[in-house]
Amino acid sequence: SALYVLPPGFVESSCRSRIFWMKLNKLLLQGKFFQLEIYDPYSGPVLLDEKLASRCGYVLSEDVWGNPVFRASVLGCHVANEGDELFSLTVNIKVSSFASMRAAVTYTYPMYCSYPSWASREIVCEENYMEVSVKTDVPAVSNDYTVAWMSALPETQNVAYQQWQLMFVSPSGRKRITVSDAVKLGYSFNNTLSRVYLRAPYHSNESDVSVVSGVNMNMVTSTSMYRQRWLLLLIDTTVSCPVGGISFTETTLTWTVPSVIPTLVVQESTFVSKSIVVGVDDQVIVNPEEKNYLLEHNETHIRVIIPIGAEGGKLESSLSGGVYGVIYSINLFLEHTWTVADWQTTKYTVIKSIITPFMPQIPTVTNNTVPEERLFNVAFGHFLPDVSLVAITIGNVPFTPREAQHQGFRIYEAPFSNRTKGFILEVSFDDPYVLKEYVNRNETKYTLLVNYTLSVGPEMALYYHSAEVECVIADIELPEALGYCDEENLYLTLPTFGLHHYWDLYLGNKLLNQHLAFTNGYLAATNSTHLTLQIPLFAGGVIYEEVSFQKIKARFDVALRKVRTMETLKMFSVSCSFNSSAFIICHPDGTIMISAQMKTVPAIDMSKTKLRDSSCKPREYNEAHAFFKFHVTTCGTSVRFEGDHIIYENEISYEKEILPRQSIPTITRDPDYRLTVLCYYQAKETLVLGAFASDPGTSPPFGSGTMVPRSNTAAYRRVRQALNVVSRVSKDESFMEFYEPNIAILKQPMDPVFLEVELRDESLNVELYLENCWVARSPDFHSTPRWNITVDGQVVLSVQCSH
């Protein structure tokens with residue numbers, strides 16, 4: 001492949017902690033493949049792979065931003081060494097558009113490092129190897145690079161009887177091997193002009209893991225032995241590196257390294273810490289406090305505490321199991337220099353790449369809506385800059401952000417705290433995609449259903465989050481009604497806004513619709529804004545608060561109820577007093593009130609009128625009218641059924657004054673006066689007999705009544721349509737022997753009563769239903785006390801009934 005000039009900004013390099021540091025620009029490698037070769041001027045290019053990297057002191061990784069990073073020890077393979085002070089290494093960077101690396105472009109990049117100030121002992125803990133180098137005056141191995149780099153045999157120096165050996169001490173015992181055998185085990189040993197170094201992999205068979213001040217340390221204990229005829233040189237090449245020491249909280253990461261490592265510090269009492277340097281990537285941090293880093297150092301620990309998201313590292317979004325979260329990564333190094341009596345100076349360097357575990361960050365939906373503006377304002381966050389909104393669903397309809405803007409929604413990003421951002425959505429209350437529900441008395445609940453689709457992190461994974469935002473505002477005005485009357489009618493006028501949408505009008509428990517209005521004889525007039533009801537004085541549904549002789553105080557109530565819940569919000573009433581000369585009012589409790597008018601010639605004395613029961617006289621009267629008030633169960637009132645109506649009937653008549661018998665035939669001077677009174681009740685409605693609670697919301701509808709003048713012709717009289725119902729009390733449970741009627745029956749309190757009620761009519765349209773039945777001390781209908789046998793058809797006393 002041809003050689004090319006490096007593009008500007010493609011490579012950056014430095015020399016830090018006796019390590020070559022090279023970084024490639026990922027932007028110039030987008031969509032391409034690359035390889036690195038180590039160029040040896042004697043043996044040519046050597047392809048960099050993992051196996052070679054750990055033996056030769058190389059590391060190939062990435063920084064937190066994804067830029068490829070190459071690091072190499074100045075004591076690594078193929079590094080040109082001039083007097084242990086000047087070091088150079090040439091790297092070939094091969095770039096191709098194909099994974100096979102065909103048609104690759106090769107860039108040659110030489111690196112130089114000056115490192116004249118070596119410590120007596122230097123230890124480097126890299127990601128994939130441990131390296132210790134020790135100062136010594138042993139003659140250097142030949143620089144003849146035609147010999148394999150790992151060879152350290154004495155023949156290469158042409159020194160007779162010279163031999164290097166390594167002594168490893170591990171939990172399995174002592175192991176003494178030659179350098180060439182150590183190379184086969186993954187170690188690298190050599191000596192330079194003034195130093196001996198050993199490079200060891202992590203977790204070899206000769207290594208051991210121990211805990212020092214709570215931190216796991218990987219350790220290789222070894223002694224390097226150099227022998228001549230008259231000389232035996234022993235060099236401690238023990239190396240120990242941390243393999244743990246990282247801990248996390250929700251807000252910080254902590255990196256802990258032991259201050260004193262026993263295998264490296266024999267005479268601990270003479271230990272003196274000289275300096276501690278912390279850096280990120282290849283840059284030293286001069287003032288850690290400026291970046292909010294905290295460096296702690298005591299007799300046992302060195303701690304670097306960094307806030308999650310601190311400068312120098314990278315905080316990026318991620319998904320795990322559909323949950324949004326963040327991952328923070330940072331590449332740190334630590335240089336600790338100390339002295340002890342047995343060693344002049346030790347420089348201890350640790351390079352650490354740290355990645356936090358996935359930290360869930362459940363986003364929040366914040367409702368910043370100001371109800372008076374009638375505009376939803378919803379904030380969704382917090383997110384890192386690597387999150388973008390790709391779609392939003394509103395009211396189950398999906399939109400891209402551009403489509404949503406065209407629809408009239410407003411979507412924009414807003415910066416939040418800690419360099420995060422959020423997505424703001426604004427939607428009008430009146431938008432058709434907003435759900436609206438009438439609640440409480442005069443409020444509307446507006447509901448915005450949102451589903452966000454986000455693109456998360458460098459992988460652009462899709463994240464979904466749904467939210468439901470509600471706002472209740474009092475924006476509905478309850479209608480006000482206007483009532484008035486004329487001589488014969490009551491009127492109620494109210495606005496039509498909201499009718500049948502939010503609320504309905506009810507008369508009692510019946511919906512006040514056109515059918516009910518027509519049935520009851522109301523007139524309804526509607527224009528664009530109002531509804532006016534005309535209610536005749538004697539129409540159904542009118543409540544008579546006071547009824548006296550020739551005067552009626554009437555009221556008409558309409559309930560405003562919520563459409564679905566039937567909750568009564570308001571009562572509209574109109575109440576007036578009327579003067580009426582003739583009327584009949586049939587109350588729901590069975591009370592009948594009549595103002596009867598005299599229409600005879602000559603006139604009669606209205607005080608002498610009566611009902612069928614002659615003891616029922618008018619309560620008030622004058623020359624032209626008589627006022628009666630009685631209950632349907634009294635005054636000789638009869639009952640019959642016609643269709644779906646119950647009809648109660650009585651008759652007002654005049655007690656003629658009989659002249660003294662002077663001759664035959666008898667002569668009267670008064671005209672005939674008979675007035676039939678009829679009250680009609682719906683058979684399906686319950687007629688309350690007895691005490692009546694006048695709650696207009698629960699009252700049964702009034703009956704309707706008529707007064708019909710009657711002649712005294714017998715043929716004109718109607719036959720009373722009474723049902724043939726017979727009730728008897730049996731002497732025992734066989735219902736074979738019965739007590740005689742109209743006699744007193746004595747029973748002990750615990751004795752059973754055997755009652756039989758029989759309907760003897762053969763009509764197929766009639767059935768027997770025993771609703772209320774009781775025992776009393778006298779035959780009077782209203783006598784007290786009374787003991788209930790059945791109430792609403794349910795037996796409440798120990799009675800056996802036969803139908």
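# Why the labels fit

Biologist: What makes Val390, Leu462 and Tyr464 a nonpolar patch on the surface?

Modeller: Together these three have about 280 Å² of accessible area. Patch members need over 30% relative accessible area and no salt bridge; nonpolar side chains (Val, Leu, Ile, Met, Phe, Trp, Tyr) are joined within 5 Å, like charges within 9 Å. The areas come from the Shrake-Rupley method with a 1.4 Å probe, and for residues only the protein chains shown count as cover.

Biologist: And what am I looking at here?

Modeller: This is a predicted model, where local features need pLDDT of at least 70 and side-chain atom pairs count only at 80 or more, while totals for chains, interfaces and linings use all residues. Residues are numbered from 1 along each chain as its sequence is written, and side-chain values use heavy atoms, leaving out hydrogens and water.

Biologist: Back to leucine 462: why is it called partly exposed?

Modeller: Its relative accessible area is 44%. Buried means under 20%, exposed over 50%, and partly exposed in between (1.4 Å probe, protein chains only), so leucine 462 at 44% gets the middle label. You'll find leucine 462 in strand β39, residues 461-473.

Biologist: How do you know what counts as a strand?

Modeller: Strands are DSSP runs of E with at least two residues, helices are runs of H or I with at least four, and the numbering goes from the N terminus. By that count the protein has four helices and 63 strands.

Biologist: What about proline 741: buried or exposed?

Modeller: Exposed: its 61% is over the 50% limit. Proline 741 sits in the loop between β58 (725-730) and β59 (753-759). Valine 729 is twelve residues away from it in sequence and 8.5 Å away in space, C-alpha to C-alpha. For the whole picture, 44% of the 803 residues count as buried.

Biologist: Why do you call tyrosine 115 and tryptophan 118 an edge-to-face pair?

Modeller: In general, a pair of aromatic rings is described by the distance of the centres and the angle of the planes. Rings of Phe, Tyr and Trp (its six-membered ring) pair if their centres lie within 6.5 Å; planes under 30 degrees apart are stacked, over 60 edge-to-face, and the rest tilted. The structure holds 30 aromatic pairs. In this one the centres are 4.8 Å apart and the planes make 90°, so both cut-offs are met. Tyrosine 115 is buried at 10%, and tryptophan 118 is buried at 16%.

Biologist: Then what makes the pair of tyrosine 438 and tyrosine 502 tilted?

Modeller: Their centres are 5.0 Å apart and their planes are at 45°, so the angle is neither under 30 nor over 60 degrees. This pair links distant parts of the chain: tyrosine 438 is in strand β37 (435-439), tyrosine 502 in the loop between β41 (489-495) and β42 (503-507), 64 residues apart. Both tyrosines are buried.

Biologist: How do you know that the charged end of arginine 102 sits over the ring of phenylalanine 98?

Modeller: The rule wants NZ of Lys or CZ of Arg within 6 Å of the ring centre and within 35 degrees of the ring normal. For arginine 102 the distance to the centre is 3.7 Å. Arginine 728 sits over phenylalanine 738 at 3.7 Å too.

Biologist: Why is the contact of glutamate 12 and lysine 23 called a salt bridge?

Modeller: A salt bridge is a side-chain nitrogen of Lys or Arg within 4 Å of a carboxyl oxygen of Asp or Glu. Here the N to O distance is 4.0 Å, so the pair makes the cut. Glutamate 12 is in strand β2 (11-16) and lysine 23 in strand β3 (19-24), so the bridge ties together parts eleven residues apart in sequence. Glutamate 12, at 48%, is partly exposed, and so is lysine 23, at 29%.

Biologist: What about glutamate 131 and arginine 18?

Modeller: At 2.6 Å, N to O, that is a salt bridge as well. Glutamate 131 lies in strand β12 (130-135) and arginine 18 in the loop between β2 and β3, so the bridged parts are 113 residues apart in sequence. Both residues are buried, and they belong to a network of salt bridges with Glu122 and Arg199.
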